[in-house]
Amino acid sequence: MELIVSLAKRRGFVFPSSEIYGGMGGFWDYGPLGVELKNNVKAAWWRAMVQLRDDVVGLDAAIVMNPRVWEASGHIAGFSDPMVDCRNCKLRFRADVAYLRPETAQGIFVNFANVASTVRRKLPFGIAQIGKSFRNEITPGNFIFRDREFEQMEMEFFVHPSQEDEWFAYWVEERLRWWTDAIGIGADRLRLRPHDPDELSHYSRQTTDIEYAFPMGWSELEGVADRTDFDLKAHAAASGKSLSTFDEASGEHVVPFVIEPAMGVDRAVLTALLDAYEEQQVEGEKRVVLHLRPSLAPVKVAVMPLLRNRPELVEMGRRLASDLKAHMAATYDDTASIGKLYRRQDEIGTPYCVTVDVESLDDGAATIRERDSMTQERVALTVIRERLSTLLAAG
Ligand code: ATP
């Protein structure tokens, strides 16, 4: 873990929040590379959960909601309310006007009728959301594993009550597959752990966690919960609005049951970094390499000149990088020797480096170097963009 914390700080993935004032426990800022990695993780989830499916749509609800939402959802019993005394009127008030949400799910439940009526989906269908959540964790820690401000990706999948078990099983398998196939996490470092009845949340009938072998032990990455009709019924009762839907298959009005895969973006970023990290010995020197999936890597291609004191090469490299930028996350770097530049890119997980050398001026070609195998391939500049696109798509 210390290696990842130090890499994250050194290379600009994650910094302690308000660090110049000593930081603040449980709050973190994502630096230039971290924000790219985080965005790539979110894009992978959104693509798999919304864009590639016909039965899930997206939502972006406000963080601050009417406090009655939290009364109805059963969360308020777990909140503590700071009080303030007014010296003039001698009355006591709650210090807050509203709550920061501890989960994004309630924004989905209170919009169930809005979304269902606008998208006209038949059961089963889901609503997905990515957004910030806040928990006043007593012991934040393990870097970005447990934060007080963090981001969640949650999807509420509404099903006919009779199909609760089959959809629960489906989403457990589907989500496990996402971690291996989309994020590239080794299957041997993932496991499923069904909750014991006494650890279930107040709204859940069954929950299975997807756990990862973190340095501090097996811990939760994501939870798949069977929330039954708990939330929709509670909001219908508290708001007086109907939250049932007509189920064409059975010809009846039902309050759907909800299967919820819920995960934290920050934990996913930490997991991707931990799982990708490797130290190797190459020709007697230490090489740190992040084997990130190309789709997750903050930088896809780094262009560099073999000799940085040759203006023609600098010019050629800069031009190539700026051409590539329109198509992929490309960068140009000539601030060190070529060996150092390769190591720098390996350490941040850049899948491909492209080097222009003196021969490039004659043969109009450059060398592509692959991060993991360090193998090299000479490719004509006229087709190098297509070649890189093909390589990146294959990864
Ligand atoms: P834990 O048991 O680790 O406290 P939880 O069971 O309270 O987590 P859920 O309420 O199921 O977590 O939230 C869904 C997901 O949100 C978790 O699987 C985790 O990835 C993420 N998450 C929850 N709490 C935090 C936190 N404090 N910091 C970062 N991510 C979190």
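In which strand does Thr228 lie? Keep that residue in mind; the tour returns to it after the overall layout. The model on screen is predicted.

**Whole chain**

Show the protein chain as a cartoon. It holds twelve helices and 20 strands. Along the principal axes, its C-alpha atoms fill a box of roughly 75 × 60 × 35 Å. Colour by burial next: 36% of the 395 residues count as buried. If contacts are drawn between residues at least 6 apart in sequence, 63% of them join residues at least 24 apart.

**Two domains**

Select residues 2-274 as domain 1 and residues 297-394 as domain 2, following the domain assignment. The centres of the two domains, taken over C-alpha atoms, are separated by 39 Å. Five residues from domain 1 and four residues from domain 2 make up the contact. On the domain 1 side, select helix H2, residues 32-51: it provides three residues, the largest share of the side that touches domain 2. By class, that side of domain 1 has three nonpolar and two charged residues, and no polar ones.

**Strands E9, E10 and E13**

Now select residues 206-214, strand E9, together with residues 217-228, strand E10; the two pair in the antiparallel sense over nine bridges. They form a hairpin, with two residues between them. To check the register, pick Gln206 and look across to Asp226, its bridge partner in E10.

Add residues 257-264, strand E13. E10 pairs with E13 as well, in the antiparallel sense and over six bridges. Here the pair to pick is Val224 and Pro261, with Pro261 standing opposite in E13.

Stay on E10 and select Thr228, which answers the opening question: Thr228 lies in strand E10. Its phi is positive, about 50°, although Thr228 is not a glycine. Most residues other than glycine have a negative phi. How many other C-beta atoms lie within 10 Å of Thr228? The count is 19, and Thr228 is partly exposed. A residue is buried if the count is 20 or more, so Thr228 falls on the partly exposed side of that cut-off.

**Helix H8**

Select residues 265-276, helix H8. At 1.5 Å a residue, its twelve residues should span 16 Å, and the end C-alpha atoms are 16 Å apart, which agrees. Is H8 largely enclosed or largely open? Ten of its twelve residues are buried, so H8 is largely enclosed by the rest of the structure. Among the buried residues are Val265, Asp266, Arg267, Leu270 and Asp275.

**The ligand**

Centre on the ligand and show the shell around it. The shell has 15 residues, the closest being Asp147, Phe150, Gly223, Ala262 and Gly264. Several elements already visited appear again: E10, E13 and H8 each supply at least two residues of the shell, as does strand E7 (149-159). Which element gives the most to the shell? E10 does, with four residues. Colour the shell by class to see eight charged, four nonpolar and three polar residues.

**A cis peptide bond**

Select Leu123 and Pro124. The peptide bond that joins them is cis, with omega about -5°. Most peptide bonds are trans. Pro124 is found in the loop between helix H5 (112-119) and strand E6 (125-134).

**The E19-E20 hairpin**

For the last stop, select residues 365-370, strand E19, and add E20; the two pair in the antiparallel sense over five bridges. To follow the register, pick Thr367, which stands opposite Arg378 in E20. Strand E20, residues 376-380, is hardly covered: none of its five residues is buried.

The hairpin of E19 and E20 has five residues between the strands. Select Met374, which is found in that loop. Its phi is near 60°, a positive value in a residue other than glycine. How many other C-beta atoms lie within 10 Å of Met374? The count is 14, and Met374 is partly exposed. To end, show Met374 beside Thr228: phi is positive in Met374, and phi is also positive in Thr228.

Note on methods. Residues are numbered from 1 along each chain as its sequence is written. This is a predicted model: local features need pLDDT of at least 70, side-chain atom pairs count only at pLDDT 80 or more; totals for chains, interfaces and linings use all residues. Domain bounds come from an automatic or database domain assignment. Two residues are in contact if their C-beta atoms, placed from the backbone, lie within 7 Å. Ala, Val, Leu, Ile, Met, Phe, Trp, Tyr, Cys and Pro count as nonpolar, Asp, Glu, Lys and Arg as charged, and the others, Gly among them, as polar. Two strands pair if DSSP finds at least two bridges between them. The expected span of a helix is 1.5 Å times one less than its number of residues. A residue is near a molecule or strand if its C-beta atom, placed from the backbone, lies within 6 Å of it.
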